[in-house]
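Visitor: I've got a model open and a list of labels attached to it. Could you walk me through how each label was earned?

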Amino acid sequence: MLISGILLGGVYCCIAVGFSVITGVLKIFNFAHGAFVMLGAYTTYVCFSIFKIDPFLSLPISMAVLFVIGYLFQRFLINRVIRAPLYMTLILTFGLDMVLVNSALLAWTGNLRAVVPSYASKTLAVAGVSIPVVRLASFFVGLLLTLLLYLLMNKTKVGKAINATRMDLDAAKLVGVDVTNIYAMTFGIGTAMAGAAGTLLSMLASISPTMGSMYSSKAFAICVLGGFGHMAGALLGSLVMGLLEMVGVALIGPGYQEATAFAVLVLVLIFRPKGLLGKEYF
């Protein structure tokens, strides 16, 4: 159960770091984030069922598709209310989530679907424990994408512009940063990570148009748990969330899988409101 929790945390990390980047830079809570996870899962489903592309090979496709969708949504829709009070962006992203979910219902209906590659049942025996190959591969892919995002944010010109915009918007404008484009790029990067998470989740669980709402709440909870705007916090929060869910299954029962994690979240909010790592930086 502990191994399963850690492996699940690697997938959650893709969801959480995307949510954290958007929140840290744009200063908004994107409640449509789970819908982008769902679209990533369906992109992989289409690639697998129609074009026979291996789910892991479809990862760049789902990330590219979701980046473009996220970029366009932010540039031409969310950017119009970026300076509005916080509740306006909450309403907008919540409405966007409803539009995406209902569009997916029209396109794919509400039937549960799954992506089952030929190696789905293969396991790897380690110290007497059978580890599903798909879960293990998804864990390492999730960590690799998180590392690549960290390098992008800290070692590239675009990443430095994003960090400058996050730290001081007016100063970034004075040195020539195109803030409008950077905001759209940031949102696109966050949704690309959500799309990657959707690809990985499509091999681990059934997918449906309504699956996203659960992951939006988990992304928010993980960021609160680890600390908003903090990539290391998102990673730590993801691993803790995955472990807590599996512990809840083992000790209490499957029906309390998510309740256990959110109960610990409440305790964190009471005793350490800034999260486990607290300091806000990328």
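**How the labels are earned**

Guide: Let's start with K52, which sits in the loop between α2 and α3. Keep in mind as we go that this is a predicted model.

Visitor: Why is K52 called exposed?

Guide: The label exposed needs over 50% relative accessible area. K52 has 65%, so K52 is exposed.

Visitor: And what is notable about the phi of K52?

Guide: Phi of K52 is near 60°, a positive value in a residue other than glycine. K27 shows up with a phi near 60° too, again positive and again in a residue other than glycine.

Visitor: Where does K27 lie?

Guide: K27 is in the loop between α1 (2–26) and α2 (33–49).

Visitor: Is K27 called buried, partly exposed or exposed, and what makes it so?

Guide: Partly exposed. Buried is under 20% and exposed is over 50%, with partly exposed in between. K27 comes out at 47%, so K27 falls in that middle class.

Visitor: How do you know that E245 and K218 form a salt bridge?

Guide: Here's the test: a side-chain nitrogen of Lys or Arg has to be within 4 Å of a carboxyl oxygen of Asp or Glu. For E245 and K218 the closest N and O atoms are 3.0 Å apart, so the pair passes. The pair links distant parts of the chain, with E245 in helix α10 (residues 231–251) and K218 in helix α9 (residues 212–226), 27 residues apart. By this rule the count comes to one salt bridge.

Visitor: Why can such side chains pair at all?

Guide: Side chains of opposite charge can do that when their charged atoms come close.

Visitor: What makes E245 and K218 buried or exposed?

Guide: Buried takes a relative accessible area under 20%. E245 has 0%, so E245 is buried. K218 has 4%, so K218 counts as buried as well.

Visitor: While we're in helix α9, how is S217 classed?

Guide: S217 is in helix α9 and has a relative accessible area of 34%. That value lies between the 20% and 50% cut-offs, so S217 is partly exposed. Its C-alpha atom and that of D54 are separated by 29 Å, with the two positions 163 residues apart along the chain.

Visitor: What makes I252 exposed?

Guide: I252 is at 53% and the cut-off is over 50%, so I252 counts as exposed. You'll find I252 in the loop between α10 and α11 (257–271). The C-alpha atoms of I252 and R75 are 46 Å apart, and the two residues are 177 apart along the chain.

Visitor: Which residues make the nonpolar surface patch?

Guide: L144, L147, L148, Y150 and L151 make a patch of about 440 Å². L151 is in helix α5 (residues 133–155). Patch residues need over 30% relative accessible area; L151 has 36%, so L151 clears that bar while still counting as partly exposed.

Visitor: How do the axes of α3 and α8 cross?

Guide: The axes of helix α3 (residues 59–76) and helix α8 (residues 179–202) come within 7 Å and cross at roughly 145°. The crossing is right-handed. By class, the contact of α3 with α8 has 13 nonpolar, nine polar and one charged residues.

Visitor: Last one: why is F73 called partly exposed?

Guide: F73 lies in helix α3. Its relative accessible area is 22%, and buried would need under 20%, so F73 is partly exposed. F73 and L96 are 23 residues apart in sequence and 9.2 Å apart in space, C-alpha to C-alpha.

Notes. Residues numbered from 1 in each chain as written. Predicted model: local features only at pLDDT ≥ 70, side-chain atom pairs only at ≥ 80, totals over all residues. Heavy atoms only, no water. Axes fitted to C-alpha atoms, helices over the stretch in contact; angles between N-to-C directions. Helix = DSSP H or I, 4+ residues; strand = E, 2+ residues; numbered from the N terminus. Left-handed = near helix turned anticlockwise from the far one by under 90°. Nonpolar A, V, L, I, M, F, W, Y, C, P; charged D, E, K, R; others polar. Patch = residues over 30% accessible without salt bridge, like charges linked within 9 Å, V, L, I, M, F, W, Y side chains within 5 Å. Areas by Shrake-Rupley, 256 points an atom, 1.4 Å probe, with all protein chains shown as cover. Buried < 20%, exposed > 50% of the residue type's maximum accessible area, 1.4 Å probe, protein only.
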